[in-house]
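Hi,

Here is the structure I promised to pass on. Have a look first, and my notes follow below.

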Amino acid sequence: MTDVQAPTIALLVSSERGRRTLGQAVQGFGYQLVFDAAPERVQLSELTEVVADLWLLDMPDESALADWLLESSPVPVLLGSGEIPPPEHEDHVRWQRRLLQKLSALLGDAPQAPPVRLVPAPLPISRRCVWLLGASLGGPAAVKQFLDVLPAQAPVAFVYAQHIDAGFESQLPHILGRQNAWRIRNCTEGSQLQHGEVLVAPIGRMLHFGAEGQVQLQEQPWPGAYQPAIETLLDELARTFAPHCGAIIFSGMGEDGVAACGRLRRQGMEVWTQSATSAACSTMPQAVRTAGYSSRDGSPDELAAALQQWLEQERAADA
């Protein structure tokens with residue numbers, strides 16, 4: 001059976017918070033986000049190259065970009081999304097439902113759209129549990145299988161480091177997010193990683209996290225031979241989120257991240273690996289096992305079940 005292509009949406013939103021919230025919402029509804037920018041950073045010539053089924057705008061009325069889209073866009077243009085209540089406010093879900101009704105009226109229902117649910121309020125960084133999902137050849141299928149089994153309500157967030165051609169980076173959220181309710185997104189400067197989310201590490205820029213866990217992107221390549229560098233990202237997660245972090249190394253070639261897995265284990269944190277029998281390419285997880293750094297081995301389904309149990313034990317221990 002051929003997958004039905006989700007309708008595509010382009011965002012042009014002035015507020016960083018509004019752009020982040022709208023992006024999470026439309027992807028959570030099951031639509032595909034193909035463009036996401038602040039109006040002041042976009043040239044009119046760039047808009048002509050964007051292919052989308054709908055434009056969602058929230059910007060000053062006098063904007064030349066808005067005027068051009070309203071006059072020239074061949075697809076519907078939705079102006080404004082209403083005042084966005086904070087995620088912890090009881091009106092936030094009502095706002096999401098109103099937005100979904102507007103989008104459905106213009107685009108139809110998205111295939112496999114999950115139920116609208118409240119986006120959690122930002123957690124203090126000391127309470128955020130963040131694991132790295134590292135993969136290379138065969139990784140997308142394994143990671144998707146893992147996410148399909150693990151409930152999106154689990155109190156954990158992921159950073160997904162996939163060795164892949166840069167041209168496929170923007171497609172990973174759609175590939176991984178079909179048929180599950182995880183909020184999977186590409187990196188946006190200043191955004192906060194929250195439970196229930198999967199952040200796709202960028203290929204061509206280095207990813208750091210600020211003192212409060214906010215995304216910081218640097219316009220420089222990753223060190224070493226791998227893009228993104230699992231080694232560097234593991235050290236970054238340990239620096240920012242320890243002791244509430246861990247790593248799962250899925251299918252792939254090479255030995256990226258082995259030394260950092262050892263540093264993670266010496267700090268008492270978990271490092272798990274995909275089993276050789278379930279991996280399309282077992283070289284990368286096998287390198288971690290051979291070095292003695294894997295504390296659990298299993299198929300994507302088994303690792304998802306084990307992580308759910310581990311999270312429940314951690315929550316009970318903190319109660």
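Cysteine 281 is buried, at a relative accessible area of 12% (buried is under 20% relative accessible area, exposed over 50%, and partly exposed in between, with a 1.4 Å probe and protein chains only). Its sulfur has no bonding partner, because the closest cysteine sulfur, in cysteine 261, is 16 Å away, too far for a bond. In fact the structure holds zero disulfides (a disulfide being a pair of cysteine sulfur atoms within 2.5 Å). Cysteine 129 is in none either: the nearest cysteine sulfur, that of cysteine 245, sits 7.9 Å away. Cysteine 129 also counts as buried, with 9% relative accessibility.

Before you go further, please note that this is a predicted model, where local features need pLDDT of at least 70, side-chain atom pairs count only at pLDDT 80 or more, and totals for chains, interfaces and linings use all residues. Residues are numbered from 1 along each chain as its sequence is written, and side-chain values use heavy atoms, with hydrogens and water left out.

How confident is the predictor? The average pLDDT of the chain is 87, and 90% of the residues score at least 70 (pLDDT is the predictor's confidence in each residue, from 0 to 100). Residues 113-121 have a pLDDT below 50, and this stretch has 31 contacts in the model beyond near neighbours in sequence (contact means heavy atoms within 4.5 Å). Where pLDDT is low, the predicted coordinates should not be read in detail.

On the overall fold, the chain has ten helices and 13 strands (DSSP runs numbered from the N terminus: helices are H or I with at least four residues, strands are E with at least two). The radius of gyration is 20 Å, close to the 20 Å from the globule rule for 319 residues, so the chain is as compact as a globular protein of that length (the radius is taken over C-alpha atoms, and the rule is 2.2 Å times the number of residues to the power 0.38). The C-alpha trace spans about 60 × 45 × 45 Å along its principal axes, and 51% of the 319 residues count as buried. Among contacts with a separation of 6 or more, 67% are between residues 24 or more positions apart.

Now the inside. The largest nonpolar core has 34 residues, and Leu132, Val159, Leu207, Phe209, Leu233, Leu234 and Leu264 touch the most other members (a nonpolar core is a set of buried Ala, Val, Leu, Ile, Met, Phe, Trp, Tyr and Cys residues joined through side-chain atoms within 4.5 Å). Elements giving two or more residues to this core include strand E5 (130-135), strand E6 (157-162) and helix H7 (230-241). The largest share, six residues, comes from H7. Leaving aside neighbours within four places in sequence, the contacts of leucine 132 include Val159, Ile230, Leu233, Leu234 and Leu237. There is also a second, separate core of 29 residues, with Leu172, Val198, Trp272 and Leu307 among them.

Two other spots to look at. Threonine 21 lies in helix H1 (residues 16-28) and is buried, at 9% relative accessible area. Not counting residues up to four places away in sequence, threonine 21 touches Ile84, His92 and Trp95. Proline 60 is in the loop between strand E3 (54-58) and helix H3 (64-72), and counts as partly exposed at 40% relative accessibility. The C-alpha atoms of proline 60 and valine 13 are 9.3 Å apart, with their positions 47 residues apart along the chain.

Cheers
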